[in-house]
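Here are a few exercises to work through with the structure open beside you. Try each task yourself before reading its solution.

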Amino acid sequence: MRNGCRSVADMGLLRLAHVDISAPDLELAAAYYTQVLGLDLVERTSDLGGDRIFFKCWDERDHHCLAIRYDPRVGLDRISFKVEFETDLDELEAKVEAYGIAVRRVAKGEEVGQGESIRFQTPSGHEMELVHDIVKVGGRLPLVNPQPVPPLDLVGIAPPRLDHCLILAEEVGEMVHFMQTCFDMYLTEQVLTSEGHQMGAFLQRSGRMHDVAIIQGPNGGFHHLSFHLDDWDHVRRAADILAYHGVPIDIGPTRHGISRGNTIYFFDPMGTRNEVFTGSYPADPDFPTITWTEDNLGRAIFYYEGKDNGRFLTAHT
Ligand code: FE
């Protein structure tokens with residue numbers, strides 16, 4: 001609530017909270033995500049929702065930004081967004097139900113590291129969660145008189161926070177309509193086919209360029225989760241760390257046309273694509289939508305290469 005009165009724009013989604021995925025080897029996942037990516041392992045549990053590990057970035061204060069559940073199959077369980085107020089759950093539940101989608105309440109105590117939430121299936125076939133009450137575990141820096149630089153004992157790439165994720169949808173426009181109608185998300189950039197259909201869309205509520213991106217593909221598909229880095233030097237250092245550990249790099253370091261960000265894509269040992277990302281722009285609510293046309297798709301995706309690497313648009317979980 002800002003200045004004592006609440007508008008529609010004040011309501012609802014703050015940002016991406018966490019991404020929940022599955023993987024067939026939790027020991028390998030723990031080793032990779034702590035030693036190579038450099039996340040903090042917050043908790044491991046086997047009581048709620050199976051055998052799971054929860055990770056956070058060093059500058060994040062909430063319980064986790066990534067949960068990995070044991071499953072023989074690699075895939076996405078859900079994407080979870082944080083809402084500003086507990087009452088947002090009621091208001092947004094009503095909006096999702098009015099859209100014609102069933103909503104399930106998850107009671108406090110049913111999920112690790114957080115209180116009550118709502119879950120539902122998006123038109124793109126993904127499970128989406130909204131939550132307000134997340135356990136605070138604190139960051140690596142104090143909130144009073146902190147050092148302005150990262151802690152010196154970080155291991156691996158050590159991104160300060162989760163940035164965004166990218167999901168697939170058969171009908172990108174349908175998913176964009178849902179996210180805009182129910183959650184007042186802003187469309188920062190889009191890719192249009194020659195017929196004018198959306199084949200890519202970038203949506204935000206947090207003021208970042210995007211909290212979630214959607215590209216055309218099979219419903220329920222998951223493309224990548226992305227971690228923020230502070231600058232280009234850190235992207236270069238990340239590439240060194242990935243090469244040192246023999247992590248398969250998908251592409252990069254390079255630059256996107258879309259978002260203008262610098263990036264590296266790589267795969268965790270189980271096959272989920274990760275990204276480290278920096279150098280994009282802040283997006284105000286009145287930021288005008290940037291449109292890319294299909295004939296410029298190569299430059300939009302990878303500005304330096306000017307084309308897809310033959311895998312980027314097709315490989316996903
Ligand atoms: Fe990305």
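**Exercise 1.** Find the residue that stands opposite Ile-79 in E8, then work out how E8 is paired on each of its partners.

*Solution.* Keep in mind that this is a predicted model.
- Start at Ile-79: the residue facing it in E8 is Met-128.
- Now look at the strands themselves. E5 (residues 75-83) and E8 run parallel and are joined by four bridges.
- Next, go to E7 (residues 117-121). Five bridges link E7 to E8, and here the strands run antiparallel.
- Met-128 turns up again: it is the bridge partner of Phe-120.
- Finally, check the hairpin of E7 and E8. Five residues sit between the strands, and Gly-125 has a positive phi near 80°.

**Exercise 2.** Decide whether strand E8 is largely enclosed or open, using how many of its residues are buried.

*Solution.* Buried means under 20% relative accessible area. Go through residues 127-131: four of the five are buried, so E8 is largely enclosed by the rest of the structure.

**Exercise 3.** Locate the protein donors of the iron ion and say which strands hold the two histidines.

*Solution.*
- The protein donors are His-164 (NE2), His-224 (NE2) and Glu-275 (OE), and they lie 2.1 to 2.2 Å from the iron ion.
- Written along the sequence, their spacing is H-x59-H-x50-E.
- His-164 belongs to strand E9 and His-224 to strand E13 (residues 222-228), so this pair ties together parts that are 60 residues apart in sequence.
- Are these histidines buried or exposed? Both His-164 and His-224 are buried.

**Exercise 4.** Trace the nine-stranded open sheet from edge to edge, then find the helices that pack on it.

*Solution.*
- Follow the order E14-E15-E16-E13-E9-E12-E11-E10-E17; the pairing is mixed.
- Strands E14 (249-255) and E17 (290-293) are at the edges. Each has a single partner strand, so one side of each is left without a neighbour in the sheet.
- On average, neighbouring strands here are turned by 15° against each other, direction ignored.
- Zoom in on one pair: E9 (residues 161-169) and E12 (residues 212-216) run parallel, joined by five bridges. Ala-169 has Gln-216 in E12 as its bridge partner.
- Add helix H3 (residues 172-183), which packs on the sheet and touches E9, E10, E11 and E12; its direction makes about 20° with that of E11.
- Then add helix H4 (residues 232-244). H4 also packs on the sheet, touching E14, E15 and E16, and its direction makes about 20° with that of E15.

Note on methods: Residues numbered from 1 in each chain as written. Predicted model: local features only at pLDDT ≥ 70, side-chain atom pairs only at ≥ 80, totals over all residues. Heavy atoms only, no water. Pairing = 2+ DSSP bridges. Axes fitted to C-alpha atoms, helices over the stretch in contact; angles between N-to-C directions. Contact = heavy atoms within 4.5 Å. Donors = N, O, S within 2.8 Å, 3.2 Å for Na, K, Ca; no water. Buried < 20%, exposed > 50% of the residue type's maximum accessible area, 1.4 Å probe, protein only.
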